[in-house]
Amino acid sequence: MRQRDDKKNRREIAAAFSMILQIGLAMMICMGVSLGVGYYIDKLFGTKCFVIIMMIVGILAALRSMLVLTGVYHPGQLKDRKKGEREHEDSQNNID
């Protein structure tokens, strides 16, 4: 009985570790790609503002990906909710 609990604990630890790694990599990739794009645009046009703008975009994208990975935010959730409300209204109208 004790051996089964140890296996379950190891699986949970491995799943938590993989989630932490996935969130960290997603955040670094979002910010790194946006920083690279901003740097390239600045070099292309000879400006200095696009790095800052793209870094802000990268931080927002990283936060969004973190929320999606943790399950707090589901893409398309608002559309599905509105669709469900319309279907509910249609079914109410059919009953009357």
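This tour moves through a predicted model of a protein, from the whole chain to individual residues.

**Before selecting anything**

Residues are numbered from 1 along each chain as its sequence is written, and side-chain values use heavy atoms, with hydrogens and water left out. Because the model is predicted, local features need pLDDT of at least 70 and side-chain atom pairs count only at pLDDT 80 or more, whereas totals for chains, interfaces and linings use all residues.

**The whole chain**

Display the full chain and colour it by pLDDT, the predictor's confidence in each residue, from 0 to 100. The protein averages a pLDDT of 85, and 77% of the residues score at least 70. The secondary structure consists of three helices and zero strands, where helices (H or I, at least four residues) and strands (E, at least two) are DSSP runs numbered from the N terminus. From the N terminus on, the order of elements is α-α-α.

Select helix α3 (residues 77-95) next: confidence is lowest here, at a mean of 63. Helix α2, by contrast, has the highest confidence, at 94. Where pLDDT is low, the predicted coordinates should not be read in detail.

Now show the surface. The protein exposes about 8200 Å², and carbon and sulfur atoms supply 64% of that area; accessible areas come from the Shrake-Rupley method with a 1.4 Å probe, and for residues only the protein chains shown count as cover. Of the 96 residues, 10% count as buried. Buried means under 20% relative accessible area, exposed over 50%, and partly exposed in between (1.4 Å probe, protein chains only).

**First stop: S65 in helix α2**

Select S65, which is placed in helix α2 (residues 50-70). S65 counts as buried because its relative accessibility is 14%. Its side chain reaches the backbone oxygen of A62 at 2.9 Å. Then display the residues around S65: leaving aside neighbours within four places in sequence, S65 is in contact (heavy atoms within 4.5 Å) with A26 and C30.

**Across to helix α1: A26 and C30**

Select A26, which lies in helix α1. With 19% relative accessibility, A26 counts as buried. Beyond four places in sequence, A26 is in contact with S65 and L69. To gauge the spacing here, draw a C-alpha to C-alpha distance from A26 to L63: the two are 37 residues apart in sequence and 9.4 Å apart in space.

Continue to C30, also placed in helix α1. C30 is partly exposed, at a relative accessible area of 23%. Apart from neighbours within four places in sequence, C30 is in contact with G58, A61, A62 and S65. A second distance can be drawn from C30 to R64, which are 34 residues apart in sequence and 9.9 Å apart, C-alpha to C-alpha.

**Further along helix α1: M31 and S34**

Select M31, another residue of helix α1. M31 is partly exposed, with a relative accessible area of 23%. With neighbours within four places in sequence set aside, its contacts are M55, G58, I59 and A62. The C-alpha atoms of M31 and M55 are separated by 6.3 Å, although these residues are 24 positions apart along the chain.

Then select S34, in helix α1. S34 counts as buried because its relative accessibility is 7%. Not counting residues up to four places away in sequence, S34 touches M54, M55 and G58.

For the chain as a whole, residues 24 or more positions apart account for 49% of the contacts with a separation of 6 or more.

**Last stop: V33 and its patch**

Finally, select V33, found in helix α1 (residues 2-45). V33 counts as exposed because its relative accessibility is 52%. Add L25, M28, I29 and V37 to the selection: together with V33 they make a nonpolar surface patch of about 470 Å². Patches are made of residues with over 30% relative accessible area and no salt bridge; like charges are joined within 9 Å, and nonpolar side chains (Val, Leu, Ile, Met, Phe, Trp, Tyr) within 5 Å. A salt bridge is a side-chain nitrogen of Lys or Arg within 4 Å of a carboxyl oxygen of Asp or Glu.

Technical notes:
A polar contact is a pair of N or O atoms within 3.5 Å; within protein, one must be able to donate a hydrogen and the other to accept it, and residues adjacent in sequence count only if both atoms are side-chain atoms.
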